[in-house]
Amino acid sequence: MTEPWKTAPSSPLADALVCACGLITSLLTGILLWSITINSHFALQKLTLWFVIPAGAFLSGWAAASGYYFAYQMYQRRPGRLLLPSVLAASIGTFLLIYYLIYLSFRSALAGLGAEMSFPAFLDLAIRSTTLSIQGILKTGQLGYFGYLTTLLELLGFTAGGFAVCVYLRSKLYCDRCSWRMKHQGQQLRYTLHLEELMAMALDVTAAVKQGDIARAIERHTAVGSFARYKNSSIRSVCVVHSCRHCGRHIVAFSLQRPGGEETWFPIPGATLLARLDSPIHISR
Ligand SMILES: [Zn+2]
């Protein structure tokens, strides 16, 4: 029988180091975007597609969170619970940093004229003086309070960029024993001419996995049908093997999938079976 599924905890020290890398890329992104805004009068982070999609802000949030991505690429461990809040804080922090750096430049210019302004007052003024540029040619007037809406979209773009990095890191498969990221070893696709054949195989595979005989389950999966799709295939079976380079754990996933489009297939809910073993396992096409 297979043991209950438990996952090893992530390492707090490693998570702290990754957060430091994320902080560095956030600061660098903020300084770079501020410098572009001040020197070329072009705010890349405010670039939108069709007025509503904050593409520039999304890319900026992504760049700010890239430190997390690169650190976990090097470190190859499962991210801890602090990943999401710290990525979001870094994205929002970068958004505010750009405004604050612009404010500092503005304040020193104002000081030369003997005037002064607080940061909240500057922020309000900057948001209300937002203009939109259409195709880079036509420019709208200042948006006034409507600028708060476009700025909110910009902020959402920043957080979405960070969130995308987080979702990517979380979507990877990590070893349940040592938390290292697992390596994709191979995949086997099986299509059958008759659905009954596929279902009979799925039942045998389930029984073998329940008895802990993974080799027999894979053998049964390999023997059925073909790796090429039949014209009328409405369900296919997929077996994917991942391995941990650190401790030698192998995870085998069997799933039944349904077509979602021309080339995309989606797993059928409840029809996925996971098995793990410690001996090396090979899977043919
Ligand atoms: Zn492992």
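**Exercise 1. Which residue follows helix 2, and is its phi positive or negative?**

Solution. Start with the basis of the answer: this is a predicted model, in which local features need pLDDT of at least 70, side-chain atom pairs count only at pLDDT 80 or more, and totals for chains, interfaces and linings use all residues. Residues are numbered from 1 along each chain as its sequence is written. Helices (H or I, at least four residues) and strands (E, at least two) are DSSP runs, numbered from the N terminus.

Step 1. Helix 2 is followed by Gln76, which sits in the loop between helix 2 and helix 3.

Step 2. The phi of Gln76 is positive, near 55°, and Gln76 is not a glycine. Most residues other than glycine have a negative phi.

Step 3. A residue is buried if 20 or more other C-beta atoms lie within 10 Å of its own, exposed if 12 or fewer, and partly exposed in between, with C-beta atoms placed from the backbone. Gln76 has 18 other C-beta atoms within 10 Å, so it is partly exposed.

Step 4. Compare Ser179, in the loop between helix 5 and strand 3. Ser179 also has a positive phi, of about 70°, although it is not a glycine. Ser179 counts as buried because it has 21 C-beta neighbours inside 10 Å.

**Exercise 2. State how the protein is divided and how confident the prediction is.**

Solution. Step 1. Domain 1 covers 12-171 and domain 2 covers 183-277; these bounds come from an automatic or database domain assignment.

Step 2. The C-alpha centres of domain 1 and domain 2 lie 43 Å apart.

Step 3. pLDDT is the predictor's confidence in each residue, from 0 to 100. The protein averages 86, and 94% of the residues score at least 70.

Step 4. Among the elements, strand 1 (residues 133-134) has the lowest mean pLDDT, 61, while strand 4 (residues 236-243) has the highest, 94. Where pLDDT is low, the predicted coordinates should not be read in detail.

**Exercise 3. Check the length of helix 2, then describe its course and its burial.**

Solution. Step 1. The expected span of a helix is 1.5 Å times one less than its number of residues. Helix 2 (residues 55-75) has 21 residues, so it should span 30 Å; its end C-alpha atoms are 29 Å apart, which agrees.

Step 2. Helix 2 bends by about 45° at Ala65. The bend at a residue is the angle between axes fitted to the seven residues ending there and the seven starting there.

Step 3. Of the 21 residues of helix 2, 15 are buried. Phe58 lies in this helix, and Phe58 counts as buried because 25 C-beta neighbours fall inside 10 Å.

**Exercise 4. Find the residues and helices that build the largest nonpolar core.**

Solution. Step 1. A nonpolar core is a set of buried Ala, Val, Leu, Ile, Met, Phe, Trp, Tyr and Cys residues joined through C-beta atoms within 7 Å.

Step 2. The largest core has 23 residues, and those touching the most other members are Ala65, Tyr68, Tyr69, Tyr72, Val87, Val165 and Leu169.

Step 3. At least two residues of this core come from each of helix 1 (12-40), helix 2, helix 3 (83-112) and helix 5 (146-171). Helix 2 gives the most, with 10 residues.

**Exercise 5. Trace the strand pairing from strand 3 to strand 6.**

Solution. Step 1. Two strands pair if DSSP finds at least two bridges between them.

Step 2. Strand 3 (residues 183-190) pairs with strand 4 in the antiparallel sense over 7 bridges. Here Leu189 has Val238 of strand 4 as its bridge partner.

Step 3. Strand 4 is antiparallel to strand 5 (residues 250-259), with 8 bridges. Cys239 stands opposite Phe254 in strand 5. These two strands form a hairpin with 6 residues between them, and Gly248 in the turn has a positive phi of about 85°.

Step 4. Strand 5 and strand 6 (residues 265-277) are paired in the antiparallel sense over 9 bridges. Gln257 has Pro267 of strand 6 as its bridge partner. The hairpin between strand 5 and strand 6 runs through 5 residues.

Step 5. Pro280 belongs to the segment after strand 6. Pro280 is exposed, because it has 10 other C-beta atoms within 10 Å. Pro280 and Arg249 are 31 residues apart in sequence, and their C-alpha atoms are 8.2 Å apart in space.
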